[in-house]
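Here is a short report on a predicted model. Please look over the sequence and structure before reading on.

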Amino acid sequence: MSIGKEDKRALIDYRLEKADMALADAAFLADAGKYGLAVNRLYYALYYAASALLLSKDIITRRHSGLMSQIHLNFVNSYMPMLG
C-alpha cells in the first residue's frame, strides 16, 4: 500500500489523536476504579501510538500480532545491544 505524503501525515496524526483519547479514557476509568477497562484503553493507546510510529517508517501492518512483531524487529532488537 502506498499513500501520499499528506495522507500519510494525516493518518499518523489521526492515530496519535486516537492514542491520546484512549489514554484519557484510561485515566478516567482508573479514577472510577474500573481497572480492567482502564488496562484495555491503555493497550489501545499503545497500539495506536505504535501504529503511528511504524507508519512514519513506512511499515504497514494489518493485525495486532504484526504490529508487535514489527515493533520488536525494528525497535526492540535494534536497541537491545545497547542495553548489554
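## Nonpolar core

The largest nonpolar core in this predicted model has nine residues. They are A19, Y47, Y48, A50, L54, I59, L67, I71 and F75. Two helices, α2 (35-56) and α3 (64-83), each give at least two residues to this core. The largest share comes from α2, with four residues. In soluble globular proteins, nonpolar side chains tend to be buried together.

L54 is one of the core residues. Setting aside neighbours within four places in sequence, L54 contacts I59, T61, L67, Q70, I71 and F75. Of these partners, I59, L67, I71 and F75 are also listed in the core.

## Helix α1

Helix α1 covers residues 5-31. The helix has 27 residues and reaches 39 Å from its first C-alpha to its last. That is close to the 39 Å expected at 1.5 Å a residue. Its buried residues are K8, I12, A19, A22, A26 and L29. The cover over these buried residues includes α2. Just after α1, G33 takes a positive phi of about 80 degrees.

Is K8 buried or exposed? K8 has 17% relative accessibility, and buried means under 20%, so K8 counts as buried. Its place is in helix α1. Leaving out neighbours within four places in sequence, K8 contacts I3, L55, S56 and D58.

A27 also sits in helix α1. This residue is partly exposed, with a relative accessible area of 43%. Its C-alpha atom is 8.8 Å from that of L42. The two residues are 15 residues apart along the chain.

## Helix α2

Helix α2 has 22 residues. From first C-alpha to last, α2 reaches 31 Å, close to the 32 Å expected at 1.5 Å a residue. The buried residues of α2 are A38, A45, Y47, Y48, A50, S51, A52, L54 and L55. Among them, Y47, Y48, A50 and L54 belong to the largest nonpolar core. L55 has another link: this residue is a contact of K8.

## D58 and the loop after α2

Where does D58 lie? D58 lies in the loop between α2 and α3. Its phi is near 65 degrees, a positive value in a residue other than glycine. Most residues other than glycine have a negative phi.

Is D58 buried or exposed? D58 has a relative accessible area of 58%, and exposed means over 50%, so D58 is exposed. D58 is also in contact with K8. The pair joins a buried residue, K8, to an exposed one, D58.

## Largest pocket

How much space lies in the largest pocket? The value is about 180 Å³. The pocket is lined by 15 residues. Those nearest its centre are L11, R15, S51, I60 and T61. One of these, S51, is a buried residue of α2. Another, T61, is in contact with L54 of the core.

Helices α1 and α2 each supply at least two residues of the lining. The largest share comes from α2, with five residues. By type, the lining divides into ten nonpolar, two polar and three charged residues.

Note on methods: Residues are numbered from 1 along each chain as its sequence is written. This is a predicted model: local features need pLDDT of at least 70, side-chain atom pairs count only at pLDDT 80 or more; totals for chains, interfaces and linings use all residues. Side-chain values use heavy atoms; hydrogens and water are left out. A nonpolar core is a set of buried Ala, Val, Leu, Ile, Met, Phe, Trp, Tyr and Cys residues joined through side-chain atoms within 4.5 Å. Buried means under 20% relative accessible area, exposed over 50%, partly exposed in between (1.4 Å probe, protein chains only). Contact means heavy atoms within 4.5 Å. The expected span of a helix is 1.5 Å times one less than its number of residues. On a 1 Å grid over the protein atoms alone, a cavity is a set of points where a 1.4 Å probe fits but cannot get out, and a pocket is an open set with protein on both sides within 12 Å along at least five of seven lines; lining residues have an atom within 4 Å of a point. Grid points are joined across faces, edges and corners, and a volume is the space filled by probe spheres set on the points. Ala, Val, Leu, Ile, Met, Phe, Trp, Tyr, Cys and Pro count as nonpolar, Asp, Glu, Lys and Arg as charged, and the others, Gly among them, as polar.
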